[in-house]
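Welcome! Here is a short guided walk through a protein chain and the ligand it holds, for anyone meeting this structure for the first time.

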Amino acid sequence: MTGATAYDLRTLLRPSAAALEPYDPAFSPARINLSANENTFGLPEGVRSRVAEALAGAVTNRYPKPLSDELRAEIAAWHGVAPERVIVGNGGDELLFNLFLALGGRGRRLVTCPPTFTVYKLYAELVETEVVEVARDPETFEVDVDALADAASTATLTIACSPNNPTGTLFSPADVRRICEATPGIVLVDEAYIEFAREGASAEPLLDECPNLAVLRTFSKAFGLAGARVGYLIGPEELASALAAVRQPYSVNVFSQAAALEVCRARDEFVETIEKIRAERERLATALAGLPGVRVWPSDANFLLVRLPGAQKVRERLRDEHSILVRDLSAAPDTRDCLRISVGTKEENDIVIEAMSILIREGDAR
Ligand SMILES: *Cc1c(COP(=O)(O)O)cnc(C)c1O
C-alpha cells in the first residue's frame, strides 16, 4: 500500500448516490419467469428471421447513428409526427434518466402517484429532485385527479404511468389533459404497456393539443425486445432536443437500432400475440380471483396485481417448489400482501394457476 493515500469512498460519493443500492430484479434460474412483464411469446417466427438478417448486416466498425435516424423516421411515420419530436433511447429507462438529467435538480419537483414504477423516484432522488407523491386510493388504486392537478401546479415534471405498473390502472386522456392544463411543467405519460390496454386509452392524440405533453413507449414489453433495450419518447420538439443534448451520443448500439427497426416495420404482426395476451390476462384473472382469499385488480396491462394472505411465502414457494418467478411487492405498505404476475403463454398460465391453487389450498389447511 506504499504511496496510496487512504480514502473513504462513502465520503467521496455524492450523498444521493451513496444512499442507493444497485438494482436487483431478483431473477433466479426458473422454468417460468413471469416477474418482469416481458412478452414470453418472443418474436413472431417471420419477424425473428428478419431481425436475424438485419443483425447479420449491421455495420460494427463504425459508430451508430446518434439519433437512430432510420428507426426515428419509422417511428415518426407510424405516429404521424415530425421526426424532430421523437427521441430514441437505450430502453425507456435511459429516456427517464435523461429526463431527470435535463429537468431535475435542487428546487425542482417531481409529482407521481404511488404505487407506481419505482424508477421515477430513484432517478429523481439521485439528481436531488423533490418528490411529491399523490397517493392512490388504497383499495381501488384510483387517482384523485383534483389532488394531482393541485400538486402538478408547482411541479417541474409530473409522471402518469398508464397503464400503471404495478396496478394496471389507466389515466384517461381527459385526466391527462386536465393535468397538462394544471401544470407549468412537463407531463410525461409512461405508456410502456399501452398496447395491452383498451381502445382509446392512449394520450397520444393529445400530443398536438397539449404543448407540455410527452409520451414514453418501449419495444421491451408488447414487442418482445426487452433484451435489445430500445424505447422512445414523443413530445414537444424542444424537449426532444434537450434530451438529445444530455444523452450519451452512442447509447443505442447498431444491433439494437437494427432489431428495433425490423420490429417497428413488422408491428402489425404482433397484433395476434397481443390479443392472446389480453385474452389470457382475463382468463388468468378469473382463475386466480376464484381462489380463496385472493384479490385480483382489473388490469389494462400484461400483468396482474394480486393480493393474497402470506404473499411473500407464496412467492418463495412458487420459486422453490414450482420454479415460477413472480414479483414480490409485499414489503411496500401500499401493496402489502401483493404479488405482480406477468401474463404468460397459455401453458405458462395453466402452470401458475395450478401451482397457486396448490399453495393456497395448503395454506388453508395449515
Ligand atoms: C418496463 C417499463 C419501462 C421501460 O422499460 P425499458 O425496458 O427500459 O424500455 C418504462 N416504464 C415502465 C412503467 C415499465 O414498466
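Let us begin with Phe223, which is buried because its relative accessibility is 4%, under the 20% cut-off. Please keep in mind that the model you are looking at is predicted.

## Aromatic pairs

Trp78 is a good companion to Phe223: Trp78 counts as partly exposed, at 26% relative accessibility. What kind of pair do the rings of Trp78 and Phe223 make? Their centres are 6.0 Å apart and their planes stand at 85 degrees, so the pair is edge-to-face. Here the cut-off that matters is an angle of over 60 degrees between the planes. The two residues come from distant parts of the chain, 145 residues apart: Trp78 belongs to helix α4 (residues 69-79), while Phe223 is in the loop between β7 (213-218) and β8 (231-234).

This pair also belongs to a wider group. Ring pairs join Trp78, Phe219, Phe223, Tyr232 and Phe270 into a cluster. Across the whole structure there are 10 aromatic pairs.

Another of these pairs is made by Tyr193 and Phe303. Their rings are 5.0 Å apart, centre to centre, with 80 degrees between the planes, and this pair is edge-to-face. Tyr193 sits in the loop between β6 (186-190) and β7, and Phe303 in strand β10 (residues 303-307), so the pair ties together parts that are 110 residues apart in sequence. Are these two residues buried or exposed? Both Tyr193 and Phe303 are buried. Phe303 has a further partner, since the charged end of Arg340 sits over the Phe303 ring, 5.9 Å from the ring centre.

## Around the ligand

Now turn to the ligand. How many residues surround the ligand? There are 14, and the closest are Gly92, Asp190, Thr218, Ser220 and Lys221. Sorted by class, this shell has 5 nonpolar, 5 polar and 4 charged residues. Helix α5 (residues 91-103) supplies the largest share of the shell, with 3 residues.

Three side chains each bring a polar atom to an oxygen atom of the ligand, as the table shows.

| Residue | Distance from a polar side-chain atom to a ligand oxygen atom |
|---|---|
| Asn165 | 3.0 Å |
| Thr218 | 2.5 Å |
| Arg229 | 2.7 Å |

How much of the ligand does the protein cover? On its own, the ligand has 380 Å² of accessible area, and the protein covers 94% of that.

## Cis peptide bonds

Asn165, which you have just met beside the ligand, also takes part in a cis peptide bond. The bond from Asn165 to Pro166 is cis, with omega near 15 degrees. Pro166 is found in the loop between β5 and α8. Another cis peptide bond runs from Ser162 to Pro163, with omega near -5 degrees. Pro163 is in the loop between β5 (157-161) and α8 (173-182).

## Positive phi angles

Two residues catch the eye for their backbone angles. Glu128 is not a glycine, yet Glu128 has a positive phi of about 60 degrees. You can find Glu128 in the loop between α6 (119-126) and β4 (130-133). With a relative accessible area of 29%, Glu128 is partly exposed.

Ser323, also not a glycine, has a positive phi of about 55 degrees. Its place is the loop between α12 (311-322) and β11 (324-325). Ser323 is partly exposed, with a relative accessible area of 24%.

## Two exposed loop residues

To finish, visit two residues at the surface. Gly293 lies in the loop between α11 (271-289) and β9. Its relative accessible area of 58% is over the 50% cut-off, so Gly293 is exposed. Gly293 and Ile360 are 67 residues apart in sequence, and their C-alpha atoms are 8.5 Å apart in space.

Pro298 is in the loop between β9 (295-296) and β10. Pro298 is exposed because its relative accessible area is 66%. How far apart are Pro298 and Thr5 in space? From C-alpha to C-alpha they are 58 Å apart, and in sequence 293 residues separate them.

Terms used:
Residues numbered from 1 in each chain as written. Predicted model: local features only at pLDDT ≥ 70, side-chain atom pairs only at ≥ 80, totals over all residues. Heavy atoms only, no water. Phe/Tyr/Trp six-rings, centres within 6.5 Å; stacked < 30°, edge-to-face > 60°. Helix = DSSP H or I, 4+ residues; strand = E, 2+ residues; numbered from the N terminus. Buried < 20%, exposed > 50% of the residue type's maximum accessible area, 1.4 Å probe, protein only. Lys NZ or Arg CZ within 6 Å of the ring centre and 35° of its normal. Near = heavy atom within 4 Å. Polar contact = N/O pair within 3.5 Å; in protein donor to acceptor, adjacent residues only side chain to side chain. Areas by Shrake-Rupley, 256 points an atom, 1.4 Å probe, with all protein chains shown as cover. Nonpolar A, V, L, I, M, F, W, Y, C, P; charged D, E, K, R; others polar.
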